[in-house]
Amino acid sequence: MEIYEQQKQQQVSGKGRFIAGMAVGMVTALLVVCVGYLGFKIQQKVENGSQDSQQVNAGSSGQGGTLGEAVSEKIDILEYMIGQYYYKDDIEREALENGIYRGLLDAVGDPYTSYYNEEDFNTFMEQTMGAYYGIGAYVAQDIERNYPKINSPIPGSPAEEAGLRPNDIIYEVDGVSTYGMDLDKVVSLIKGEEGTSVKINIYRDGEYMDVTVERRQVEIPTVEQEMLEDHMAYIRIIEFDDVTPGQFEEALQASRSGGMKGLVLDLRGNPGGSVDAVVDVARMLLPEGLVVYTEDKHGKREEYRCDGSHEFELPLVVLVDGNSASASELLSGAIQDYKKGTLVGTTTFGKGIVQQLMTLRDGSAIKITVSSYYTPKGRNIHGTGIEPDVECPFDGEAYYNNDFDNQLEKAKQVLADMME
């Protein structure tokens, strides 16, 4: 199951090295980019491969179809007219077919519903398996501008070294406009063979600039941990992947061994990930009860619960921002509902819908929004996000000029008051 969605820098210190404000696929679909539109679940652990994904006969007609013979006849006529009148003869039939399938899914009007031909689907699945060749950045869709944007560069990655920043709008990739482009297509343009370069035209603070980035292999971390001053522990979850619960447990153990008396949990820029992973993390923090539930249009409800056996008992502050999406909103929303911690930062992205990945027998697949998810108190935050308990906008100038993370400092201040 996946939480599809929209957004380490150097080691975190008292000043805070988190590139705050960073940013919603697959969340682990990163390497060149972690597609930040990840939904909430992708049927049966898609991130581990599609062996458990629902398979659909590519030639069969399902229930509830809305297209009839008239449409098929019109497609035949249009295909005939292309073959008869289009001035070039080298038109690939496969390209026309893929265009029809993509257009059908695009017409739904949902940016998280899309079609993958076999090649695109294989690439999509490969991106969920570990290390990749690319620039090392998470991307998400800037819905207002209809362009992709950088959620956050991966620490030590080519993207970070080239100076790419969170919220940089990706205007062009090697001269190709990305306006309205599906995120998977953006990923395919950016990634490439190791040692090659890609030129990305970005829009930042009213200016356009070209950034050339060399592609290389990048390994994706998911959890960072450090002990700050006054026995404060700091743990950042970059995304929710299969390995995240184990890494988070190790980080908690290291924090306890270091004398932790309070915890800052940083979810800024976290674009989402596996629902199983985030629920497992939540079970290390929350009391007994509901963690999250989903409902489809037929009213079918699926619940994820916690037995409370590992409830976190120390003061807790959670950092969030406008690029905290999907799975990270699930966790921060549950923590807020149970009053287990104080949320500091800015309103989260607002991704409260669920995608399901279905494979077809011809090797293609679709990703389609199937339901909504709700916090333990029944909140659906899609389109609205989660408001923090303590509002604290990110000061980018202070961070980039003086390496001062004002949001982290505010979180430490709030945590210190809770620890007294």
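**Exercise 1. Identify the bridge partner of Glu 224 in strand 12, and place the two strands in their sheet.**

*Solution.* Step 1. Within strand 12, Glu 224 has Arg 236 as its bridge partner. The structure is a predicted model, in which local features need pLDDT of at least 70 and side-chain atom pairs count only at pLDDT 80 or more, while totals for chains, interfaces and linings use all residues. Residues are numbered from 1 along each chain as its sequence is written, and side-chain values use heavy atoms, with hydrogens and water left out.

Step 2. Strand 11 and strand 12 run antiparallel and are joined by five bridges. Strands (E, at least two residues) and helices (H or I, at least four residues) are DSSP runs, numbered from the N terminus. Two strands pair if DSSP finds at least two bridges between them.

Step 3. The open sheet has six strands in the order 11-12-13-16-17-20, and its pairing is mixed. Strand 11 and strand 20 (390–391) each have a single partner strand, so one side of each is left without a neighbour in the sheet.

**Exercise 2. State how many helices and strands the protein has, and describe its burial and surface.**

*Solution.* Step 1. The protein contains 10 helices and 20 strands.

Step 2. Of its 420 residues, 53% are buried. Buried means under 20% relative accessible area, exposed means over 50%, and partly exposed lies in between (1.4 Å probe, protein chains only).

Step 3. The accessible surface is about 18500 Å², and carbon and sulfur atoms account for 45% of this area. Accessible areas come from the Shrake-Rupley method with a 1.4 Å probe; for residues, only the protein chains shown count as cover.

**Exercise 3. Examine the salt bridge between Glu 229 and Lys 412.**

*Solution.* Step 1. The side chains of Glu 229 and Lys 412 meet at 2.7 Å, N to O. A salt bridge requires a side-chain nitrogen of Lys or Arg within 4 Å of a carboxyl oxygen of Asp or Glu.

Step 2. This pair links distant parts of the chain, 183 residues apart: Glu 229 is in the loop between strand 11 (223–227) and strand 12 (232–237), and Lys 412 is in helix 10 (residues 406–419).

Step 3. Lys 412 counts as buried because its relative accessible area is 4%. Glu 229 counts as partly exposed because its relative accessibility is 35%.

**Exercise 4. Determine where the salt bridge between Glu 97 and Arg 93 lies, and which residues share its network.**

*Solution.* Step 1. The closest N and O atoms of Glu 97 and Arg 93 are 3.1 Å apart.

Step 2. Both residues belong to helix 2 and are four residues apart, about one turn of the helix. Glu 97 is partly exposed, because its relative accessible area is 29%.

Step 3. A network of salt bridges links Glu 79, Arg 93 and Glu 97. In the whole structure, 15 salt bridges are found.

**Exercise 5. Describe the nonpolar patch on the surface and find which elements contribute to it.**

*Solution.* Step 1. The patch is formed by Leu 67, Val 71, Ile 75, Ile 100, Tyr 101 and Leu 104, which together have about 490 Å² of accessible area. Such patches are made of residues with over 30% relative accessible area and no salt bridge, with nonpolar side chains (Val, Leu, Ile, Met, Phe, Trp, Tyr) joined within 5 Å and like charges within 9 Å.

Step 2. Helix 1 (69–85) and helix 2 (93–106) are the elements that give two or more residues to the nonpolar patch. Helix 2 supplies the largest share, three residues.

Step 3. Leu 67 is in the loop between strand 1 (54–56) and helix 1. Leu 67 counts as exposed because its relative accessibility is 52%.

**Exercise 6. Compare the backbone angle phi and the surroundings of Asp 174 and Asp 205.**

*Solution.* Step 1. Most residues other than glycine have a negative phi. Asp 174 has a positive phi of about 50°, and the phi of Asp 205 is near 50°, also a positive value.

Step 2. Asp 174 lies in the loop between strand 6 (169–173) and strand 7 (176–177). Asp 205 lies in the loop between strand 8 (197–204) and strand 9 (207–214).

Step 3. Asp 174 is partly exposed because its relative accessible area is 42%, whereas Asp 205 is exposed because its relative accessibility is 71%.
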